[in-house]
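Work through the exercises below with the sequence and the 3D view at hand. Try each task before reading its solution.

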Number of protein chains: 2
Amino acid sequence: MNTTIETILRHRSIRKFKDKALTDEQIETIVRSAQAASTSSYIQAYTIIGVDDLDIKARLAELAGNQSYVAENGHFFVFCADLHRHEVISELHSQDFSESLESTEKYMVAVIDAALAAQTASIAAESMGLGICYIGGIRNQLDKVSELLNTPDRVIPLFGLAVGYPDQEPYLKPRLPLENVYHKNGYQQNDQLYKKQLEEYDQEISAYYHERTGGKRKETWTGQMAKMLSLPKRMYMKDFVEKKGFNKR
Amino acid sequence: MNTTIETILRHRSIRKFKDKALTDEQIETIVRSAQAASTSSYIQAYTIIGVDDLDIKARLAELAGNQSYVAENGHFFVFCADLHRHEVISELHSQDFSESLESTEKYMVAVIDAALAAQTASIAAESMGLGICYIGGIRNQLDKVSELLNTPDRVIPLFGLAVGYPDQEPYLKPRLPLENVYHKNGYQQNDQLYKKQLEEYDQEISAYYHERTGGKRKETWTGQMAKMLSLPKRMYMKDFVEKKGFNKR
């Protein structure tokens with residue numbers, strides 16, 4: 001196993017960082033790594049906002065549900081789906097791209113592009129001995145986050161990425177059984193088999209929490225999912241995304 | 001610079017592979033790497049379909065616009081946004097999650113989860129000396145791809161990933177200027193500056209193509225984008241995604 005795969009398999013989210021800022025050189029390496037990711041038809045439909053201003057960080061932490069590590073880290077990145085740049089190209093070329101830019105297809109392209117860049121940034125950071133945590137919490141109140149970060153139409157902040165020197169050593173969280181996630185030559189739709197696999201996974205996760213918390217937690221994975229999915233969240237998103245000029249047709 | 005970052009910065013898409021299949025061990029390492037990626041609230045909302053059946057590969061290549069490297073590679077993966085698994089959990093727990101599962105928010109979560117997994121798989125493969133190419137072309141006719149791969153409701157094949165031993169040595173394609181993609185402490189909306197940066201980038205890209213093709217190609221980046229965006233593509237996507245139970249509310 002090579003060192004890259006070792007880095008990848010050792011991943012766990014870090015939620016407590018040392019009080020040490022990343023250097024400009026580290027930030028540049030992370031951003032250049034993000035940019036090296038694959039991009040759909042060369043479209044490069046994302047923007048990365050780096051945040052080191054303490055007031056902005058504090059406000060983002062508050063908006064993301066009072067997660068301290070949004071403010072306290074080595075550097076905070078916000079990955080945005082961005083087709084505003086292509087709106088500018090529309091002006092440069094005096095052509096109207098609205099139909100393309102407002103399509104669900106191009107929304108998917110921009111979201112995927114941003115995610116590929118972010119994950120490349122994450123692996124680069126982890127290879128440098130840094131820890132990372134994705135912050136979906138910035139989607140709790142995207143209108144306020146957009147206002148705070150001054151993002152125009154055709155730009156949507158998708159998630160944050162806290163990066164820094166780890167000040168904790170969390171356990172690796174077991175993933176779904178490989179055969180549940182990886183299917184051969186077609187989707188193996190067999191709900192009975194799925195249920196059996198999920199029940200076995202539930203036992204593994206329950207034992208995992210029990211052991212790691214000295215018996216305080218013992219919930220199952222499907223139990224966690226049921227709790228989460230029974231409470232619909234961020235239901236304003238469809239309107240918000242459309243209002244920003246995406247996913248409209 | 002460490003070897004992981006070297007691997008990342010050396011990325012270019014490979015569109016011609018040697019006739020040598022990946023071993024089961026290589027495939028497993030790639031899938032386990034994908035699974036180690038971050039996942040939103042532990043939701044693991046994706047499935048990976050591995051394709052080595054030659055007939056299925058040939059049909060996928062045809063559906064993706066006759067791209068030979070979809071059929072001719074070491075292994076072909078299809079990354080799917082998947083909330084069907086969570087529909088099964090809904091049955092296991094006798095709870096209705098429709099509102100959550102059909103939300104734009106959860107569609108974004110599933111797409112992002114699948115992309116993070118795919119990019120981790122890609123970097124793992126590249127670290128092993130393999131080449132990769134994302135295949136967005138499978139979205140040309142998603143109804144037929146879904147039928148071919150037997151994907152149920154609440155599952156959408158997002159893109160393919162061709163992996164194999166490189167049989168070509170393409171050049172690295174220059175990315176947008178870092179300062180165009182990376183903004184500090186907020187979105188720096190300055191369309192005049194954007195235009196200036198894009199014009200400089202256009203010159204760089206034009207010179208790049210001119211040099212690499214002995215003068216045969218000399219198009220600019222914004223020219224490529226204008227050409228692509230003036231022809232709306234895959235406009236069936238909004239209906240298709242909704243029909244599959246995503247992005248509905």
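The exercises treat helix packing, domains, the interface and salt bridges, in that order.

This is a predicted model, in which local features need pLDDT of at least 70, side-chain atom pairs count only at pLDDT 80 or more, and totals for chains, interfaces and linings use all residues. Residues are numbered from 1 along each chain as its sequence is written, chains are lettered from A and ligands numbered from 1 in the order in which they are written, and side-chain values use heavy atoms, with hydrogens and water left out.

**Exercise 1.** Describe how helix α10 and helix α11 of chain A pack.

*Solution.*
Step 1. Two packed helices are described by the angle between their axes and the distance between the axes.
Step 2. Find the helices, which are DSSP runs of H or I with at least four residues, numbered from the N terminus. In chain A, α10 covers residues 191-212 and α11 covers residues 221-229.
Step 3. Their axes come within 7 Å and cross at roughly 95 degrees. Axes are lines fitted to C-alpha atoms over the stretch in contact, and angles run from 0 to 180 degrees between N-to-C directions.
Step 4. α10(A) and α11(A) are therefore roughly perpendicular to each other, a class that takes angles of 65 to 115 degrees.
Step 5. On α10(A) the contact (heavy atoms within 4.5 Å) involves Leu198(A), Tyr201(A), Asp202(A), Ile205(A) and Tyr209(A). Trp221(A), Thr222(A) and Gln224(A) make it on α11(A).

**Exercise 2.** State the domains of chain A and the separation of their centres.

*Solution.*
Step 1. Domain 1 spans 3-171 and domain 2 spans 178-218; such bounds come from an automatic or database domain assignment.
Step 2. Taken over C-alpha atoms, the two centres lie 30 Å apart.

**Exercise 3.** How much area is buried between chain B and chain A?

*Solution.*
Step 1. Buried area is the accessible area (1.4 Å probe) that two parts lose on being put together, summed over both.
Step 2. Here the value is about 10,400 Å², with 64% from carbon and sulfur atoms.
Step 3. Chain B and chain A each bring 120 residues to the contact.

**Exercise 4.** How many salt bridges cross the interface of chain B and chain A?

*Solution.*
Step 1. Apply the rule: a side-chain nitrogen of Lys or Arg within 4 Å of a carboxyl oxygen of Asp or Glu.
Step 2. Six are found across this interface, while the structure holds 28 over all chains.
Step 3. In one salt bridge, Arg139(B) pairs with Glu105(A), with the closest N and O atoms 2.9 Å apart. Arg139(B) sits in the loop between β3 and α8 of chain B, and Glu105(A) in helix α7 of chain A.

Methods
Helices (H or I, at least four residues) and strands (E, at least two) are DSSP runs, numbered from the N terminus. Angles under 35 degrees count as roughly parallel, over 145 as roughly antiparallel, 65 to 115 as roughly perpendicular and the rest as oblique.
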